[in-house]
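User: Could you walk me through this structure, one feature at a time? I would like the general idea behind each reading and then the case at hand.

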Amino acid sequence: MADTRLSVRGLADMVCLGQKQFGRVFADYVGMKPKEYSRIVRFQKSLWMFQNHHDSYADIAYTCGYSDQSHFIREFRQFAGITPSAVSNPYSDLFTNPV
């Protein structure tokens with residue numbers, strides 16, 4: 001979660017597994033494929049950035065690992081059902097450190 005731009009292949013390499021084997025092991029433990037999990041983490045990070053007043057879509061797209069601003073807006077709409085500009089009070093506690 002620290003680096004949302006890390007690829008599934010990069011994660012598989014870190015744990016010395018092939019990409020397919022990593023996907024199977026990941027799905028067994030987490031309950032979803034690594035790519036699906038990655039998309040959720042990127043979306044949550046974008047919400048966190050909105051919550052913390054990062055208003056530049058291009059900056060959010062780059063920081064969260066989207067290929068470009070359009071990709072970010074498309075994926076945001078898939079998860080939220082609305083565009084980022086329609087969000088009035090974004091909230092994500094995935095990246096919040098408890099006190």
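User: Let's begin with a single residue. Where does Val-15 lie relative to helix H1 and helix H2?

Analyst: Happy to help, and please keep in mind that this is a predicted model. Val-15 sits in the loop between helix H1 (8-14) and helix H2 (19-30).

User: Is Val-15 buried, partly exposed or exposed?

Analyst: The idea is to compare relative accessible area with two cut-offs: under 20% is buried, over 50% is exposed, and in between is partly exposed. Val-15 has a relative accessibility of 45%, so it counts as partly exposed. Lys-20, which is found in helix H2, has 69% and therefore counts as exposed.

User: Which residues form a nonpolar patch on the surface?

Analyst: The patch consists of Leu-6, Leu-11, Met-14 and Val-15, which together have about 340 Å² of accessible area. So the loop residue we started with, Val-15, belongs to this patch because it is nonpolar and, as the rule requires, has over 30% relative accessible area.

User: Now the overall picture. How many helices and strands are there in the protein?

Analyst: There are five helices and zero strands, and the pattern along the sequence reads α-α-α-α-α. Of the protein's 99 residues, 29% count as buried. The protein exposes about 6700 Å², with carbon and sulfur atoms supplying 53% of that area. For contacts between residues at least 6 apart in sequence, 50% join residues at least 24 apart.

User: How many salt bridges does the structure hold, and which residues do they link in a network?

Analyst: The structure holds two salt bridges, and the network is made up of Arg-39, Arg-42 and Glu-75. In one bridge, Glu-75 pairs with Arg-39, and their closest N and O atoms are 3.1 Å apart. That pair links distant parts of the chain, with Glu-75 in helix H5 and Arg-39 in helix H3, 36 residues apart. In the other bridge, the side chains of Arg-42 and Glu-75 meet at 2.9 Å, N to O. Arg-42 lies in helix H3 and Glu-75 in helix H5, so this bridge ties together parts that are 33 residues apart in sequence.

User: Which of these residues are buried, and which is partly exposed?

Analyst: Arg-42 and Glu-75 are both buried. For Glu-75 the relative accessible area is 5%, so it falls under the 20% cut-off. Arg-39, at 25% relative accessibility, counts as partly exposed.

User: What lies over the face of Tyr-66?

Analyst: That is Arg-42, at 4.5 Å from the ring centre. Arg-42 thus has two roles to look for in the viewer: a salt bridge with Glu-75 and a place over the ring of Tyr-66.

User: And the aromatic pairs: how many does the count come to?

Analyst: The count comes to ten aromatic pairs. To read one, check the ring centres and then the angle between the planes, where under 30 degrees counts as stacked. The rings of Phe-43 and Phe-79 have centres 5.0 Å apart and planes at 20 degrees, so this pair is stacked. Phe-43 is in helix H3 (residues 34-51) and Phe-79 in helix H5 (residues 69-80), 36 residues apart. Phe-43 is buried, with 9% relative accessible area, whereas Phe-79 is partly exposed at 33%.

User: Which residues do the ring pairs link into a cluster?

Analyst: The cluster is formed by Phe-43, Phe-50, Tyr-57, Tyr-66, Phe-72, Phe-76 and Phe-79. Tyr-66, the ring with Arg-42 over its face, is one of its members.

Technical notes: Residues are numbered from 1 along each chain as its sequence is written. This is a predicted model: local features need pLDDT of at least 70, side-chain atom pairs count only at pLDDT 80 or more; totals for chains, interfaces and linings use all residues. Side-chain values use heavy atoms; hydrogens and water are left out. Rings of Phe, Tyr and Trp (its six-membered ring) pair if their centres lie within 6.5 Å; planes under 30 degrees apart count as stacked, over 60 as edge-to-face and the rest as tilted. Helices (H or I, at least four residues) and strands (E, at least two) are DSSP runs, numbered from the N terminus. Buried means under 20% relative accessible area, exposed over 50%, partly exposed in between (1.4 Å probe, protein chains only). A charge sits over a ring if NZ of Lys or CZ of Arg is within 6 Å of the ring centre and within 35 degrees of the ring normal. Contact means heavy atoms within 4.5 Å. Accessible areas come from the Shrake-Rupley method with a 1.4 Å probe; for residues, only the protein chains shown count as cover. Patches are made of residues with over 30% relative accessible area and no salt bridge: like charges are joined within 9 Å, nonpolar side chains (Val, Leu, Ile, Met, Phe, Trp, Tyr) within 5 Å. A salt bridge is a side-chain nitrogen of Lys or Arg within 4 Å of a carboxyl oxygen of Asp or Glu.
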